[in-house]
Amino acid sequence: MKEYDVIAVGLGPAATSAAIYAAMGGYRTLLIGEKSGSLYRAEKIANYYAGGEIGGKELFERGLRQATDVGAEIAYGQVVEITFGEKGFHLKTPEEEYEAKVVLLATGVARNRPRLAGVDEFDGKGVSWCAVCDGFFYRKKKVGVYGAGEYAVSEAKYLSGIGCDVTLFTDGRPAPEYAGTVNTEKLSALYGGERLEGIVLANGEKIVLSALFVAEGVASSGDFSRMLGIETENNAIKVNARCETNVPGLFAAGDCTGGLLQVAKAVGQGAVAGFEICRYLKKR
Ligand SMILES: Cc1cc2nc3c(=O)[nH]c(=O)nc-3n(C[C@H](O)[C@H](O)[C@H](O)COP(=O)(O)OP(=O)(O)OC[C@H]3O[C@@H](n4cnc5c(N)ncnc54)[C@H](O)[C@@H]3O)c2cc1C
């Protein structure tokens with residue numbers, strides 16, 4: 001297990017800006033994330049201070065170079081789980097496990113609600129967004145996991161580990177590497193009465209399920225909020241002026257905190273978070 005003072009989840013401008021401050025403050029700092037997210041997708045940025053017109057990817061790469069130049073480390077991968085650990089927090093990627101005294105969430109905005117009829121209707125009535133939070137209630141029952149990536153596999157493994165009978169539904173996408181049951185048929189809708197009763201495939205077949213755990217795309221700030229009990233408002237993480245969440249030692253910055261979704265705001269909030277993380281660690 002690798003140990004750090006600070007782990008920033010994300011490689012975008014918010015996480016990278018915070019990591020620069022934390023590393024320059026003398027703390028062992030790791031950035032974990034992927035070459036993706038809003039900045040990485042933006043073709044041109046023309047409104048960032050002194051940046052002129054610059055490609056999103058170039059700005060992204062420059063940020064990472066600057067962070068490593070001042071001593072931050074980078075791990076490329078998806079964080080699939082964050083829980084409370086002995087020294088603060090315990091983070092998992094499919095390849096590695098980490099401990100950190102402080103975590104910064106800077107995962108950008110989540111765009112991972114599946115377009116599947118019935119998801120809204122049965123939300124909280126069988127449709128769940130967090131295996132760690134709700135899996136317990138479905139032990140020994142037939143459940144589905146919706147998704148086709150590493151996050152979905154991680155949720156499926158967690159649920160079968162606590163005794164659920166799990167099928168991973170990829171909704172027409174190729175099966176990921178997973179030793180359990182996978183259904184790759186296209187899905188049509190969820191069905192049920194007061195609560196979810198199952199899923200209808202595009203070929204008309206019905207499969208009985210007690211719950212469907214949505215784990216689409218990459219784990220988002222909303223997913224981590226549910227895992228750790230972080231307060232949110234309108235799908236954004238609630239932070240104070242120091243970028244602190246309601247969970248001690250857990251900070252958030254950038255698009256995942258809502259408000260203005262712009263590079264300048266992400267960089268600014270990352271700077272505040274990085275500075276406040278140093279103060280927090282000094283007091284600790
Ligand atoms: C097409 C487009 C054009 C834009 N144009 C402009 C513009 O001209 N000017 C402007 O100011 N803003 C623009 N924006 C908005 C700007 O890009 C964002 O506001 C900014 O990038 C937010 O930074 P962030 O660090 O919060 O998130 P992001 O840049 O979205 O970065 C999020 C990071 O988190 C990582 N991540 C997410 N989940 C996980 C996980 N589970 N584990 C590990 N890592 C994870 C991602 O891989 C990514 O590295 C544009 C956005 C888009 C989509």
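What follows is a short walk through a predicted model, starting with its domains and ending at the ligand.

The protein chain splits into two parts in the domain assignment: domain 1 covers 2-111 + 219-283, and domain 2 covers 127-214. Their centres, taken over C-alpha atoms, sit 30 Å apart. Where the two touch, domain 1 puts in 9 residues and domain 2 puts in 7. On the domain 1 side, helix α6 (residues 221-228) provides the largest share, 4 residues. That side of domain 1 is a mix by class, with 4 nonpolar, 2 polar and 3 charged residues.

Next comes the inside of the structure. The largest nonpolar core holds 83 residues, and those touching the most other members are Ile7, Ala18, Leu104 and Ala106. Helix α1 gives this core its largest share, 8 residues. Both domains take part, as domain 1 and domain 2 each supply at least three residues.

Helix α1 is worth a slower look. With 12 residues at 1.5 Å a residue, α1 should span 16 Å, and this agrees with the 16 Å between its end C-alpha atoms. Because 11 of those 12 residues are buried, α1 is largely enclosed by the rest of the structure. The buried stretch takes in Pro13, Ala14, Ala15, Thr16, Ser17, Ala18, Ala19, Ile20, Tyr21, Ala22 and Ala23. Among the elements covering them are the strands β1 (2-9), β2 and β6 (97-105), along with the helices α2, α3 (56-69) and α7. After α1 comes Gly26, with a positive phi near 95°.

Ala18 shows how α1 is packed in. Setting aside neighbours within four places in sequence, Ala18 is in contact with Ala8, Leu104, Ala106 and Ala253, and also with Gly270, Ala273, Gly274 and Ile277. Gly270, Ala273, Gly274 and Ile277 are among the buried residues of α7, as are Val263, Ala266 and Val267. Helix α7 has 21 residues and reaches 30 Å from its first C-alpha to its last, close to the 30 Å expected at 1.5 Å a residue. Its buried residues are covered by elements including α1, α2, β1, β6 and β17 (250-252).

That leaves the ligand. It is surrounded by 34 residues, the closest being Gly10, Gly12, Gly37, Gly108 and Gly254. The elements giving two or more residues to this shell are α1 (13-24), β2 (29-33), α2 (38-41) and α7 (263-283). By class, the shell around the ligand has 19 nonpolar, 12 polar and 3 charged residues. Helix α1, then, turns up both in the shell around the ligand and in the largest nonpolar core.

Definitions and conventions. Residues are numbered from 1 along each chain as its sequence is written. This is a predicted model: local features need pLDDT of at least 70, side-chain atom pairs count only at pLDDT 80 or more; totals for chains, interfaces and linings use all residues. A residue is near a molecule or strand if its C-beta atom, placed from the backbone, lies within 6 Å of it. Ala, Val, Leu, Ile, Met, Phe, Trp, Tyr, Cys and Pro count as nonpolar, Asp, Glu, Lys and Arg as charged, and the others, Gly among them, as polar. The expected span of a helix is 1.5 Å times one less than its number of residues. A residue is buried if 20 or more other C-beta atoms lie within 10 Å of its own, exposed if 12 or fewer, and partly exposed in between; C-beta atoms are placed from the backbone. A nonpolar core is a set of buried Ala, Val, Leu, Ile, Met, Phe, Trp, Tyr and Cys residues joined through C-beta atoms within 7 Å. Domain bounds come from an automatic or database domain assignment.
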